[in-house]
Amino acid sequence: MLTRRSFAGRVGLAAAAARLLPEMAYAQRAAVSGGDLPKDMVWLNANENPAGPPAVSLDAMREVLPTSGRYHYQEFQGIYEKIARSEELSPEQIVTGCGSSEVLHTGVDLFTSPTKPLISVAPAYEAPIDIARALGRPVVLTKLREDYTADVKKLAEEADKAHGGLIYLCNPNNPTSAMTKASEIDWLVSNMPRNTMLMVDEAYLHYGEHAEMKTALPYVRQGKDVIVTRTYSKIYGMAGLRVGFAAARPDIIQKMAVLRMNVIPIMSARAVVAALGDQQNILRDRKATLAKTRKDVCAWLRERNVKFIEPHANFMMVDTGRNAKEFIAAMPKLGVAPGRPFPPLDNMLRVTIGTDAEMAKFRDVFWKVYKG
Ligand SMILES: Cc1ncc(COP(=O)(O)O)c(C=O)c1O
C-alpha cells in the first residue's frame, strides 16, 4: 500500500532526481567513452571556450581563495548590482544561479504545470525539455523550418492551443547554431497568447555577427512576460565556475529567487565581477577570434561542397550526408571528440569551434572519415 508518507518520499525522490538530471545526463552524453582514447584529444563536444577565464578573473580568484573559509554573504548585494548594471538592469531584475542551468530549471518549474506545457523546437537544448519531462509537465516540440530556424508562429499557436505555457526559445539555438531574427522575436512578444511566458536562452548570443541577431533584454526592461537567461560559461570561458543569471520583471524574479539554491561561490562571483570590469574588450576580442576561426572552417567546408547550417554561435552543424553516428564513433579514435547525436537531425554532426590548431586537426580527421 502506498502510504501518504511513502508517496511523499517518492515524489521527493523524483523531484531530487529531476534536479540532478542535467549534470549527470549531460556529463554522460558529452562523455566519449573507451579505454584507448588519445591523450591529446581535441575536445569539440561541449561548446566551451578554449581561452578559459580572462586573466583578470584568474587574478581575482587567486586573491579571494585564502578567505574562502567565509561565506562572504555581505558582498553579494554589490555583486548582483554589478551583474545587473552590466546589462543596464537593476538588481531586482536579475537572479543568479549555478550556471544558467539553475535558472532555466526554475523557469520551467514555475511556468509550466500539468496542464501548461513547455513549448519549444526539435532539436533544442535538451536541459529545459528534460527537466519539464522529469517534473511530469507536458512538452510540445514544433518542427524547424526548411532553413532550420524556429517557426515563432507555430510556437505561439501551440501556446494558444494549450491556453498558456512556457515558450523556450534558444537564440542562437543549440544544437543548430541557427538564429531567430529580432523581428520574429518582436512578433512573438507582441502576439503572446494569454498565460504564456517566453524564456529566451541567450547562452551564445555574444558570438553572433548578424545585424538581425539582438538580445531580448529590451522586453525585460519594458516589463513584458519575458525571461532572458545568460551564462558566463561560454564567451567568458568560465564553464567550470558555474555562474549564470535570469533577467525578468521584478515580480517574476521574486518567484524565481525563492527556488534558488543559494548564492554562487565567492571565487566564481569575484571572477565574474573582474571580467565585467573589462567587459567590452573581453567580448570584442573573444568574438573576433571566434568569428575568424568560424569563417575559415566554413570556407574550408564550402570549398569541399560539404553542406552546413550557417552558424551564429561557437559551434556548427555539418551535414555528413549519412547517419552522423559513424563520425561520432570514428572521430574520437583519431583524436577529435565531436558533439553527441541530435535527433531528428540524424545526418548532422555538431562541432564546437575551438582554436585554429584544434580546427586544423578537426579538418584532418573529419576529412579522413568523410572520404571513408
Ligand atoms: C543553450 C544552452 N543553454 C544553457 C546551457 C547551460 O550552461 P551553464 O549551466 O553552464 O550556464 C548550455 C550548456 O551547454 C547551453 O548550450
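This is a short talk on one protein chain and its ligand, going from the confidence of the model to the core, the ligand site and a few single residues.

Please keep in mind throughout that what we are looking at is a predicted model. The mean pLDDT of the protein chain is 92, and 91% of the residues reach 70 or more. The exception I would like you to notice is the stretch covering residues 1-16, where the pLDDT is below 50 and where the model shows two contacts beyond near neighbours in sequence. Where pLDDT is low, predicted coordinates should not be read in detail, and I will leave that stretch aside from here on.

Let me turn to the inside of the protein. In soluble globular proteins, nonpolar side chains tend to be buried together. Here the largest nonpolar core has 100 residues, and the ones with the most contacts inside it are Phe-362 and Phe-366. The element that gives the most to this core is helix H11, residues 279-303, which supplies seven residues. There is also a second, separate core of six residues, with Ala-178, Met-317, Leu-345 and Met-348 among them. If you want to see how Phe-366 is surrounded, look for its contacts further away in sequence, including Trp-300, Leu-301, Phe-327 and Met-331.

Now to the ligand, which has 14 residues around it, the closest being Ser-101, Asp-201, Tyr-204, Thr-231 and Ser-233. Which helix gives the most to this shell? That is helix H4, residues 99-111, with four residues. As for polar atoms, the side chain of Asp-201 has an N or O atom 2.6 Å from a nitrogen atom of the ligand. On the oxygen side, a polar side-chain atom of Tyr-204 lies 2.7 Å from a ligand oxygen atom, and a polar side-chain atom of Arg-242 also lies 2.7 Å from an oxygen atom of the ligand. Taken on its own, the ligand has 390 Å² of accessible area, and the protein covers 92% of that.

Tyr-204 leads us to Asn-174, since Tyr-204 is one of the residues that Asn-174 contacts, along with Asn-47, Pro-123 and Phe-315, among others. Asn-174 sits in the loop between strand E5 and helix H7. Is Asn-174 buried or exposed? Its relative accessible area is 5%, so it counts as buried. Its side chain makes a polar contact of 2.8 Å with the side chain of Arg-350.

Ser-120, in strand E3, is another buried residue, with a relative accessible area of 1%. Its side chain reaches the backbone oxygen of Tyr-168 at 2.8 Å, and beyond its sequence neighbours it is in contact with Val-140, Leu-141, Thr-142 and Leu-155 as well as Tyr-168.

A little further along the chain comes helix H5, residues 126-134, which is largely enclosed by the rest of the structure because seven of its nine residues are buried. Those buried residues include Glu-126 and Asp-130 alongside Ile-129 and Ile-131. Just after H5, Gly-136 takes a positive phi of about 75°.

I will finish with Ile-94 in strand E2, which is buried, with a relative accessible area of 7%. Ile-94 and Asp-251 are 157 residues apart in sequence, and in space their C-alpha atoms are 11 Å apart. Ile-94 itself touches residues from other parts of the sequence, including Tyr-80, Ile-83, Phe-245 and Ile-253.

Methods:
Residues numbered from 1 in each chain as written. Predicted model: local features only at pLDDT ≥ 70, side-chain atom pairs only at ≥ 80, totals over all residues. Heavy atoms only, no water. pLDDT = per-residue confidence, 0-100. Contact = heavy atoms within 4.5 Å. Core = buried A, V, L, I, M, F, W, Y, C linked by side-chain atoms within 4.5 Å. Buried < 20%, exposed > 50% of the residue type's maximum accessible area, 1.4 Å probe, protein only. Helix = DSSP H or I, 4+ residues; strand = E, 2+ residues; numbered from the N terminus. Near = heavy atom within 4 Å. Polar contact = N/O pair within 3.5 Å; in protein donor to acceptor, adjacent residues only side chain to side chain. Areas by Shrake-Rupley, 256 points an atom, 1.4 Å probe, with all protein chains shown as cover. Lists of a residue's contacts leave out its neighbours within four places in sequence.
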